[in-house]
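Thanks for asking me to look this one over. Here are my notes, in the order I would go through them on screen.

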Amino acid sequence: MSFLRFILITLKLAHGRTIGAFVASVNTLVVSTLALSTLTFSALAISTLAIIPSSFAADTAGTVLITGANRGIGLALAKQFHQSGYDVIATARKPAKAVDLKALGVRIEQLDVTDSSSVNALAKRLDGKAVDILINNAGIFGHNTNTFSDLDIDQLDTVYNVNSLGPLRVTQALLPNLIKSKQKRVANISSMMGSMELNTWGCCIGYRGSKAALNSFNKTLSMEFGKQGLVFVVLHPGYVQTDINKGKGDITASESASGLFDVISKLDSEDNGKFYDFNGKSMPW
Ligand SMILES: NC(=O)c1ccc[n+]([C@@H]2O[C@H](COP(=O)([O-])OP(=O)(O)OC[C@H]3O[C@@H](n4cnc5c(N)ncnc54)[C@H](OP(=O)(O)O)[C@@H]3O)[C@@H](O)[C@H]2O)c1
């Protein structure tokens, strides 16, 4: 017999009903404390849920994947979608160096759009995950010369590989993720430079051709996958102050991203295959 039990029995014998009443009051106290604790815990849990940011809550506005998101328009898009309650998967060629992107607190994934093994590795990491919106933003200006005679045609491979084939690679690899999603949108960041009708001053043969090819790919995919509810668009982001044009431009990256966000977040099946600018204005082919 434990020492405590011995004391209790001795007390009970000595005081009869008094000790019984004491034990009953202790029991009541314990039960009341437990009930109070449960109530307090529930209230705490409810108030904690209320202050969790929307990006952590189960129902976000959707999942968006943005390529080339470590700087320029891609970074501004990542910021805009993150602030608007989307789960953002932002890709960078060198995530360790993506300082501004890390500061946003979004998911960062390595991706070089010219490297099939990098693209396939990303698709593997995202296996089974729905991607509502894919924004193929990564792009370069590439080789350019003042005269056609000076052009080194062999150097144009890179601009086509990044700007035209890159979006194709990424879209193909992430097709299962898009099909699994509710929104099923693909926004290819093209350029007015890819428009034949707007080519009124020449120049930039590789860049123009690579964006025109992207416009053509977009149209073809819109035909094949429109039946499955996917929406493919090409978008001109404006003339934007980023590294690609050495900071020249009419608007900032965040102004461009804000307009692009409005266009992309409202896309529906009627927009499939279309070409818009960042204000939602139709662009000539
Ligand atoms: N700025 C404009 O006025 C303008 C106008 C029309 C269209 N656009 C288009 O808008 C898009 C974004 O351009 P931006 O102005 O933001 O230019 P930017 O500031 O130069 O950014 C380009 C982005 O693309 C990434 N990138 C380049 N090659 C890549 C590759 N092989 N794989 C993955 N990512 C790669 C870069 O990553 P790194 O840092 O690793 O190089 C960077 O994140 C481009 O498609 C561009 O053609 C821009």
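**Notes on the fold and the ligand site**

1. A good place to begin is the pairing of strand 1 (residues 63-66) with strand 2 (residues 87-92): the two run parallel and are joined by four bridges. Within this pair, Thr63 sits opposite Asp87 of strand 2. Please keep in mind that this is a predicted model.

2. Stepping back, these strands belong to an open sheet of seven strands, paired in parallel and ordered 3-2-1-4-5-6-7. The edges are taken by strand 3 (107-110) and strand 7 (275-277); each has a single partner strand, so one side of each is left without a neighbour in the sheet. From one strand to the next, the twist averages 25°.

3. Do look at helix 6 (residues 157-180), which packs on the sheet and touches strand 1, strand 4 (133-136) and strand 5 (185-189). Its direction makes about 170° with that of strand 4.

4. Next, the interior. The largest nonpolar core has 56 residues, and those touching the most other members are Ile66, Leu77, Ala78, Val88, Ala90, Leu134 and Ile135. Helix 3 (residues 72-83) gives the most to this core, with six residues.

5. Val88 deserves a closer look. Leaving aside residues up to four places away in sequence, Val88 touches Val64, Ile66, Ala78, Phe81, His82, Val106 and Arg107.

6. Finally, the ligand: 29 residues surround it, with Gly68, Gly72, Ala138, Gly139 and Thr242 the closest. By class, this shell has eleven nonpolar, 13 polar and five charged residues. Helix 3 gives the most here too, with three residues.

Key: Residues are numbered from 1 along each chain as its sequence is written. This is a predicted model: local features need pLDDT of at least 70, side-chain atom pairs count only at pLDDT 80 or more; totals for chains, interfaces and linings use all residues. A nonpolar core is a set of buried Ala, Val, Leu, Ile, Met, Phe, Trp, Tyr and Cys residues joined through C-beta atoms within 7 Å. A residue is buried if 20 or more other C-beta atoms lie within 10 Å of its own, exposed if 12 or fewer, and partly exposed in between; C-beta atoms are placed from the backbone. Two residues are in contact if their C-beta atoms, placed from the backbone, lie within 7 Å. Two strands pair if DSSP finds at least two bridges between them. Axes are lines fitted to C-alpha atoms, for helices over the stretch in contact, and angles run from 0 to 180 degrees between N-to-C directions. A residue is near a molecule or strand if its C-beta atom, placed from the backbone, lies within 6 Å of it. Ala, Val, Leu, Ile, Met, Phe, Trp, Tyr, Cys and Pro count as nonpolar, Asp, Glu, Lys and Arg as charged, and the others, Gly among them, as polar.
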